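Reader: I would like to learn how to read a protein chain step by step. Could we go through it together with a few questions?

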Amino acid sequence: MMPRRIAAALCAVACLGFAAPAVAACTPPAAPDAAAKPAKPALPAKGPCVDAKPGTTGCLGWEGYTYNDEIRAYNEKAQAFGKAAQAYVDRLNAYVKASADYAQCEVKTLQ
């Protein structure tokens with residue numbers, strides 16, 4: 001017959017393996033889709049007559065008005081791009097946080 005101390009120690013060691021709580025599986029996060037990255041709008045080309053002095057040969061004057069319209073359209077696209085870019089950055093930051101959480105989960109499985 002085993003002494004009580006040895007039996008208690010053996011049970012404690014053996015029982016720990018069965019009584020330990022199950023560790024949840026760590027799930028790696030999914031990175032945001034790179035195809036969802038918004039494209040920056042291109043600045044309109046500035047023609048040679050846009051900054052020309054009135055009466056410059058070959059420049060009729062309407063080029064400046066057209067360029068201003070193109071700039072207004074660009075500004076609207078740039079504003080929409082800013083919002084879309086911020087949303088994409090938010091998704092990237094959430095991915096970084098989820099990656100850190102995942103790494104911590106994996107560390108805990110080793111303890």
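**A helical chain and its disulfide**

Author: Let us begin with a residue, keeping in mind that this is a predicted model. Glu63 lies in helix 2, which covers residues 62-110, and the secondary structure of the chain comes to two helices and zero strands.

Reader: Which side chain of opposite charge is nearest to Glu63, and how far away is it?

Author: Glu63 is buried and yet has no salt bridge. A salt bridge would need a side-chain nitrogen of Lys or Arg within 4 Å of a carboxyl oxygen. The nearest side chain of opposite charge lies 13 Å away, and that residue is Lys46.

Reader: Which residues does Glu63 touch, if those up to four places away in sequence are not counted?

Author: Glu63 sits in helix 2, and with those sequence neighbours left out, the residues that Glu63 touches are Cys49, Val50 and Gly58.
Across the chain, residues 24 or more positions apart account for 80% of the contacts with a separation of 6 or more.

Reader: How many residues apart in the chain are the two cysteines of the disulfide, Cys26 and Cys105?

Author: A search of the whole structure finds one disulfide, formed by Cys26 and Cys105 with their sulfur atoms 2.0 Å apart. Cys26 is in the loop between helix 1 and helix 2, while Cys105 is in helix 2, so that the pair links distant parts of the chain, with a separation of 79 residues.

Reader: Is Cys26 buried or exposed?

Author: The cut-off for a buried residue is under 20% relative accessible area. Cys26 has a relative accessibility of 15%, and therefore Cys26 counts as buried.

Note on methods:
Residues are numbered from 1 along each chain as its sequence is written. This is a predicted model: local features need pLDDT of at least 70, side-chain atom pairs count only at pLDDT 80 or more; totals for chains, interfaces and linings use all residues. Side-chain values use heavy atoms; hydrogens and water are left out. Helices (H or I, at least four residues) and strands (E, at least two) are DSSP runs, numbered from the N terminus. Contact means heavy atoms within 4.5 Å. Buried means under 20% relative accessible area, exposed over 50%, partly exposed in between (1.4 Å probe, protein chains only). Lys and Arg count as positive and Asp and Glu as negative; His and the chain ends are not counted. A disulfide is a pair of cysteine sulfur atoms within 2.5 Å.
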